[in-house]
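Me: I'd like a close look at one part of this protein, the sheet with strand S12 in it. Here is what I have open.

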Amino acid sequence: MSPDIVIVGAGPAGLCLARALSGHGLSIVVLERQAEQALAEAAFDGREIALTHGSQALLERLGLWQRLPAGEVAVLRDAQVFNGPSLFALKIRAEQAGAERLGHLVANQAIRRAVYQAASECADVQLLCETGVRAIEQNQGEMKLVLHDGQVLQPRLLVAADSRFSETRRQLGIGAQLKDFGKTMLVCRMQHEHDHQQVAWEWFGYGQTLALLPLNGRQSSVVLTLPPREIERLQQLDAAIFAREMERRFERRLGAMQLVSSRHAYPLVGAYARRMVGNRCALLGDAAVGMHPVTAHGFNFGLTGVQLLSDTLLAAHGKGQDIGAGAPLAHYERQLRLATWPLYQATNLLVELYTSDHLPARLLRGAGLRVAQGLLPLRKGIARHLTARG
């Protein structure tokens, strides 16, 4: 089989790219290790995705936003950052950018289901599940993929979108800068007594990092970052005891709390590919840039990549050019690096500073928040970045 494009990974980034490229005379194959039912009926995984206005606009253009259940979409009005036990908070308000909200929070489960439904309706997109790439052969500008089931594909372009630990990226001989933060993130949904007022929290405590993502009603997604063994202990607690411990960790600022979902844990590892493209191949989503979740930009960067790569490929295709040639792919790499590298580096520095419990770091980060609060242009700039529509 010789499709124009093979995408490895039927996660939201891979399927969004397939949807964006559909309808333009290209044949697209998407490979996925999971069974198709796991995509169609994606299970709750604890993750809530903070979508900027630009990401929402792209999802609307792809016909995905309209498919999201209203109950799984919550308004993210403002955000605030706390340091240690201090009640002082750096506040990022949507009104500073002339907007009503910073963005929306959407369950990852809902996004996965919506993008699967949309991609399934594309006649030029073929989904091959329960298989993967066993071997990749590249020579003289050609690409050959041997799948686990023995099938051979010869695409004009291969796109790796199979996670920050991408096996396809390794098979292509592309390295990545991996940053293991040595922590694990626990995520779950909790009901709480006090109203969150649709404001997100990022709380850099001493020995822990807490985040609160406001959902509908008096429910929030709670994100707790701790060393792996402590997270293992929390996962094993009875639900009622776990709720009491979370009340303590939040210093009862939310009042009484109750666990209303399953608990899920993820290791915190950042990734930035050393190259975004190669001979007839490109990286997308977490395979290209895997962000620390503190800035909530992981999937937003994935959608940025979808926009840049689809625009680049469709422009080349429209001119009758080779979509797997070096020039279009080099353009995509330049644009993606410009969009992601500064914030990736800044995020890692921020995490290093705000998770260190050494006294100098404690003093510096507390002072830093107060200085930032006094710099209205800085806070306006952050708000405008989140509310821009691309």
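In what order do the 6 strands of the open sheet come, and what is the pairing?

Reply: Before the strands, a word on the model. It is a predicted one, where local features need pLDDT of at least 70 and side-chain atom pairs count only at pLDDT 80 or more, while totals for chains, interfaces and linings use all residues. Residues are numbered from 1 along each chain as its sequence is written, and side-chain values use heavy atoms, with hydrogens and water left out. As for pLDDT (the predictor's confidence in each residue, from 0 to 100), its mean over the protein is 88, and 86% of the residues reach 70 or more.

Now your sheet. The order is S8-S2-S1-S12-S20-S19, the sheet is open, and the pairing is mixed. Strands here are DSSP runs of E with at least two residues, helices are runs of H or I with at least four, and both are numbered from the N terminus. Two strands pair if DSSP finds at least two bridges between them. At the edges stand S8 (125-129) and S19 (277-278); each has a single partner strand, so one side of each lacks a neighbour in the sheet.

Walk in from the S8 edge. S8 pairs with S2 (residues 28-32) in the parallel sense, over 5 bridges, and Leu 31 has Leu 128 of S8 as its bridge partner. Further along, S1 (residues 5-8) runs parallel to S12 and is joined to it by 4 bridges. Val 8 is the residue opposite Ala 160 there. On to S20 (residues 281-283): S12 pairs with this strand over 3 bridges, again in the parallel sense, with Ala 282 of S20 as the bridge partner of Val 159.

S12 itself (residues 157-160) is covered on both faces. Leu 157 and Val 159 lie on one side, Leu 158 and Ala 160 on the other, and all are buried (under 20% relative accessible area; exposed is over 50%, partly exposed in between, with a 1.4 Å probe and protein chains only).

That brings us to the packing. A nonpolar core here is a set of buried Ala, Val, Leu, Ile, Met, Phe, Trp, Tyr and Cys residues joined through side-chain atoms within 4.5 Å. The largest one has 76 residues, and Ile 5, Ile 7, Leu 31, Leu 51, Leu 145 and Leu 158 touch the most other members. Helix H8 (residues 298-318) gives the most to this core, with 8 residues. Leu 145 is worth clicking on: leaving out residues up to four places away in sequence, it touches Val 6, Val 133, Ala 135, Ile 136, Gln 151, Val 152, Leu 153, Pro 155 and Leu 158. Apart from that core lies another, of 22 residues, including Cys 188, Val 199, Ile 231 and Leu 259.

For context, the protein comes to 11 helices and 21 strands, and 55% of its 390 residues count as buried. Take contacts (heavy atoms within 4.5 Å) between residues at least 6 apart in sequence: 73% join residues at least 24 apart.

Where should you go easy on the model? Over residues 358-365 the pLDDT stays under 50, and the model has 15 contacts for them beyond four places in sequence. Residues 367-387 are also below 50, with 42 contacts beyond near neighbours in sequence.
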